[in-house]
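Here's a short set of exercises to work through with the model open beside you. Try each task before reading its solution.

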Amino acid sequence: MLSILDGLVIDYDAPDPPSRQIAAHIRGAIEAGELQPGRKIPSETDIVQAIGVARTTARRAVALLRAEGTVVTVPGRGTYVAER
């Protein structure tokens with residue numbers, strides 16, 4: 001699962017903030033079929049450790065995906081790719 005974060009490099013000079021770049025990367029993995037509906041996405045801790053961003057940045061990225069309906073969070077279990 002962490003392999004979907006491989007190759008993600010945050011461009012701090014880009015117009016999109018890091019949280020949007022992370023969300024776009026995970027969304028791309030979902031659209032490419034690397035993450036299927038019902039499968040867990042990397043946790044905020046996984047994102048922080050793999051990319052080296054602040055926890056707030058990771059939290060915002062997951063919140064963006066949740067707000068658009070791409071993922072759903074189950075309290076105490078994790079965040080999963082939403083069913084289409």
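**Exercise 1.** In which helix is Thr57 found? Work out its burial and its contacts too.

Solution. Start with the ground rules: this is a predicted model, where local features need pLDDT of at least 70, side-chain atom pairs count only at pLDDT 80 or more, and totals for chains, interfaces and linings use all residues. Residues are numbered from 1 along each chain as its sequence is written, and side-chain values use heavy atoms, with hydrogens and water left out.

- Step 1: Thr57 sits in helix α3. Helices (H or I, at least four residues) and strands (E, at least two) are DSSP runs, numbered from the N terminus.
- Step 2: its relative accessibility is 17%, so Thr57 counts as buried. The cut-offs are under 20% relative accessible area for buried, over 50% for exposed, and partly exposed in between (1.4 Å probe, protein chains only).
- Step 3: set aside neighbours within four places in sequence, and Thr57 is in contact with Pro18, Ser19 and Ile22. Contact here means heavy atoms within 4.5 Å.

**Exercise 2.** Describe α1, then say which of its residues are buried and what covers them.

Solution.

- Step 1: α1 has 14 residues and spans 20 Å from first C-alpha to last, close to the 20 Å expected at 1.5 Å a residue. That expected span is 1.5 Å times one less than the number of residues.
- Step 2: the buried residues in α1 are Ser19, Gln21, Ile22, Ala23, Ile26, Ala29 and Ile30.
- Step 3: their cover includes α2, α3 (55–67), β1 (71–74) and β2 (78–81).

**Exercise 3.** Is Ala32 buried or exposed, and where does it lie?

Solution.

- Step 1: look in the loop between α1 (18–31) and α2 (44–51), which holds Ala32.
- Step 2: with 56% relative accessibility, Ala32 counts as exposed.
- Step 3: Arg84 is 52 residues away along the chain, and its C-alpha is 14 Å from that of Ala32.
- Step 4: while you're there, check Gly33, which takes a positive phi of about 85° just after α1.

**Exercise 4.** Put Arg66 and Val71 side by side: find the element, the accessibility and the contacts of each.

Solution.

- Step 1: Arg66 belongs to helix α3, while Val71 lies in strand β1.
- Step 2: Arg66 is partly exposed, with a relative accessible area of 37%. Val71 has 1% and counts as buried.
- Step 3: leaving out neighbours within four places in sequence, Arg66 touches Val71 and Thr73. On the same basis, the contacts of Val71 include Ile30, Ile41, Val62, Leu65 and Tyr80.
- Step 4: for a distance check, the C-alpha atoms of Arg66 and Ala82 are 8.9 Å apart, with their positions 16 residues apart along the chain.

**Exercise 5.** What pattern does the protein chain follow along its sequence, and how does its radius of gyration compare with the globule rule?

Solution.

- Step 1: reading along the sequence gives α-α-α-β-β.
- Step 2: the radius of gyration is 12 Å, close to the 12 Å that the globule rule gives for 84 residues, so the chain is as compact as a globular protein of that length. The radius is taken over C-alpha atoms, and the rule is 2.2 Å times the number of residues to the power 0.38.
- Step 3: of the 84 residues, 33% count as buried.
- Step 4: among contacts with a separation of 6 or more, 55% come from residues 24 or more positions apart.
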